[in-house]
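I set out these entries in the order in which I looked things up. I begin with the surface and end with single residues.

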Amino acid sequence: MAGFETYQEYQRLEDYDEDSPPGEEDLLIHVPEGRGGHYCSLLHIYSTGQKNGFACMVLSEFFELVQFLFVVTFTTFLFNCVEYDVLFANRVVNHTGQSLGPLDRNKVTLPDAILPSEQCTERIQGNSWIIFLLIMAAVFWVYRLVKVICNILSYWEIRQFYKKALKIQMDELCNFTWQEVQGRLIHLQREQPMCVQKRELSELDIYHRILRFKNYTVAMINKSLLPVRLRVPFFGDMIFLTQGLKYNFELILFWGPLSLFQNKWSLHPKYKRAANRQEVAKQLSRVILLTGLVNLLLCPFVLVWQVLYAFFSYAEVIKREPGSLGARRWSLYGRLYLRHLNELDHELQGRLGRGYKPAAKYMNVFVSPLLAVLAKNVAFFSGSVLAVLIALTVYDEDVLTVQHILTAITVLGVVITITRSFIPDEHMVWCPEQLLQCVLAHIHYMPDHWKGSANKSETRDEMAQLYQYKAVFILEELLSPIITPFILIFPLRSKSLEIIDFFRNFTVDVAGVGDICSFAQMDIRRHGNPQWMSEGQTEASVYQQAENGKTELSLMHFTIKNPRWEPPQESSVFISHLKEKVHQDAQTGPSPQLLLSEAPLCTSLLSNESATGPDNLLASVLAHPVLTASGLPGRNRRFIPPSSAASAAASVLASLSSSQQPHAGRSRSHTLLPSRQHHDSTMYCSDHTVGDSMSASDSRVLSQSHSALASEFASAEMSLHAIYMHEVHQQKTQHPSGPIQASVPMKDLSTNYGESYELSHV
């Protein structure tokens, strides 16, 4: 990036007739007095809808304050007001009283171990370290209290906006989807302009305002700009991105007092000029250094808080369900790596939620035979001892009074739970390639070298970086206060010039919206990758290209999720080209009727017992190449010629497109080449294929919840596009038809693009 000095100055898009004035508050929309006279943030409007209204948000803020207060006071009480010698019976307590027997007089009660309030206060006052920590906690709590009060006032304005402008009551808000709220916002802008700088408020404008900073972060992860890959001695390359580290990235770049943005919608002018890039890079380096030193200074306090909060949050869960530490979750890095540009939080959560079970099944197929043998025997011995102890306690409950007997029972139970996680399911089918394809259908992104290598441990380890154990997540968060300062001071500070170049080269100003990341425009001409079906349509250099098809897949995802959005000409050309390519490949693919008839067998092969209509459709596409390659006859008792997942996906997508009838609610104008005629149609609307591929029970569900089912089919539609585009991309990279500019392999998880910082250097 540092060598790319002359690429461009800060750019202003000329998409609209008038430019934003310097002082425009982009995040705020104004509703005139007739609607209630409110200034509201689109981000707050979205957050209110996702958090189910005013009451839930206020209650959450209140309990956050109470939770912090409880942790501080309870911890202080445990350290200063409990006599542990009495509690552990190391010191005899003699109770006096005629009604007490000889045994009861030496029995320890809970009040015996609690010091009187005067003695407790004296202990606290005599410890200056405790007083210092309490003062810091009190200052932070007062700061949080003031912030909560300001937030509640803002939430009240949002509440009034929902009630008076959007005509949505708070008790009904949970029944509205975001698309419905967004539709009312767009209608309100047309009826009574809220944003004076734009005559029309599009879906993309709303997404840009809500996701301004997140789009920058997703693009920087895509271009491997943020130093989240560390080279750890004896462990190799590891991904490290925690909530604390992410908070510091955002503080430095977006909303901190010394950040690159002068307000919430505008990059500071000095970062927009190439002439002083070296000067502002040095300034950013000093800001990063200062932030790292502050983190280093606060490290002990943050570490203590992390340990206490983790203990209070997870100790009971671990005791009750020890296996919960072996559960998996999408890592914070995985959420950014897999996130589309212009993808809202609830859309990402729903997509990754659908991919949770397929990812778990894929990870579970990797078992160690040696560990399985050891685990079975350890579980047998531990279970035998535990069974005897339980039998003895059932026979005589006095066994529980034996010293450490409860500890032994608890530890044995934990050992059994952990060892069982290493014992494979005896009914498991070994099909890693198909399971990984099923994962891809939901997560939409995967490095090229995973193709054909699903059975390798290296692929499994890289997948584990996206889909980590909860125990690893907790450990990383506990280590975050220690590691974060060094990441800021060393690897991030060395990238100051690259960061400055990135923000200058990839920031555009859109009238009525403000400064946004140019990748968020999903402009195929400017950021397309010729290896992802945009050959001949993009003018982007290697530096300008988004990696792993981020631009193309994000465009398709946004188009499907927002069917009323009218894309610009370059995007329409790409969509039309993709549609033509799908129809061509569908000619050599299996018929949709054949795929649907294979649905029960395919869902059985992929172990998806509770599959719905969209899931059956997707499973048929994924498993059809396996069935045809195996030589199994179809339902007509004739053998079916082999076909690829790309042709099967194209066949289904083409059938969805051909069965679509134009209707006003989802019409869109696409510019087709070379005729340049406009056709009112959607991309691949799934709503009209529901009746062809659903059972009677699914039809009843459709009548009860049409929007929910339409959303499921839209997700299945995007999954088919992801499978198809990845297959075509693999064909293009393996058999290039012409000279294609090589892309930088910066997002392949096993490559060494950029710098993997050595922890041993710190």
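**Entry 1. Surface and overall make-up.** I looked up the accessible surface of the chain first, and it comes to about 37300 Å². Carbon and sulfur atoms hold 59% of that surface. I note that the model is predicted. I then turned to burial: of the 762 residues in the chain, 48% are buried. For secondary structure I recorded 31 helices and 12 strands. I also looked at how contacts are spread along the sequence. Among contacts between residues at least 6 apart in sequence, 74% join residues at least 24 apart.

**Entry 2. Confidence.** I looked up the pLDDT next; the chain averages 80, and 76% of the residues score at least 70. Over residues 1–28 the pLDDT is below 50, yet in the model this stretch has 88 contacts beyond near neighbours in sequence. I found a second such stretch at residues 738–762, also with pLDDT below 50, and with 75 contacts beyond near neighbours in sequence. I keep in mind that predicted coordinates should not be read in detail where pLDDT is low.

**Entry 3. Helix α12.** How far apart are the end C-alpha atoms of α12? I found 56 Å for this helix of 44 residues, which covers residues 277–320. A straight helix at 1.5 Å a residue would reach 64 Å, so the span of α12 falls short of that value. I then searched α12 for a bend. A kink of about 55 degrees lies at Cys299, shortly before the proline Pro300.

I listed the buried residues of α12 as well. Among them are Arg277, Val280, Ala281, Leu284, Ser285, Val287, Ile288, Thr291, Gly292 and Asn295. Cys299, the site of the kink, is buried too, as is Ala310. I recall that an α-helix has 3.6 residues a turn, so residues three or four places apart point the same way. I asked what covers the buried residues of α12. The cover includes α11 (243–255), α20 (470–492) and α21 (496–505).

**Entry 4. Helix α21.** Since α21 is part of that cover, I looked up its own burial. α21 is mostly covered, with nine of its 10 residues buried. The buried set includes the charged-type names Asp501 and Arg504. The buried residues of α21 also include Ser496, Leu497, Ile499, Ile500, Phe502, Phe503 and Asn505.

**Entry 5. Cysteines.** How many disulfides does the chain have? I counted one. Cys81 and Cys120 form this disulfide, with their sulfur atoms 1.5 Å apart. The pair links distant parts of the chain, 39 residues apart. Cys81 lies in the loop between α2 (54–80) and α3 (84–87), while Cys120 lies in helix α6 (residues 117–125). Both partners are covered: Cys81 is buried at 6% relative accessibility, and Cys120 is buried with a relative accessible area of 9%.

I then checked two further cysteines. Why is Cys56 not bonded to the cysteine whose sulfur is closest? The closest cysteine sulfur, in Cys174, is 8.2 Å from that of Cys56, which is too far for a bond; the cut-off is 2.5 Å. Cys56 is partly exposed, with a relative accessible area of 39%. For Cys438 the closest cysteine sulfur is in Cys431, 9.5 Å away, again too far for a bond. Cys438 is buried, at a relative accessible area of 13%.

**Entry 6. Ser715.** I located Ser715 in helix α31 (residues 706–734). Is Ser715 buried or exposed? At 9% relative accessibility, Ser715 counts as buried, because the limit for that class is under 20%. Leaving out residues up to four places away in sequence, I found that Ser715 touches Arg354 and Lys561. Ser715 and Arg354 are 361 residues apart along the chain, and their C-alpha atoms are separated by 9.4 Å.

**Entry 7. Positive phi.** Lastly I looked up two residues other than glycine with a positive phi. Phe234 has a phi near 75 degrees and lies in the loop between β4 (229–232) and β5 (236–239). Phe234 counts as exposed, at 87% relative accessibility. Met533 has a positive phi of about 65 degrees. This residue lies in the loop between α22 (524–527) and α23 (550–561). Met533 is buried, with a relative accessible area of 6%.

How values were computed: Residues numbered from 1 in each chain as written. Predicted model: local features only at pLDDT ≥ 70, side-chain atom pairs only at ≥ 80, totals over all residues. Heavy atoms only, no water. Helix = DSSP H or I, 4+ residues; strand = E, 2+ residues; numbered from the N terminus. Bend = angle between axes of the 7 residues up to and from the residue. Buried < 20%, exposed > 50% of the residue type's maximum accessible area, 1.4 Å probe, protein only. Contact = heavy atoms within 4.5 Å. pLDDT = per-residue confidence, 0-100. Areas by Shrake-Rupley, 256 points an atom, 1.4 Å probe, with all protein chains shown as cover.
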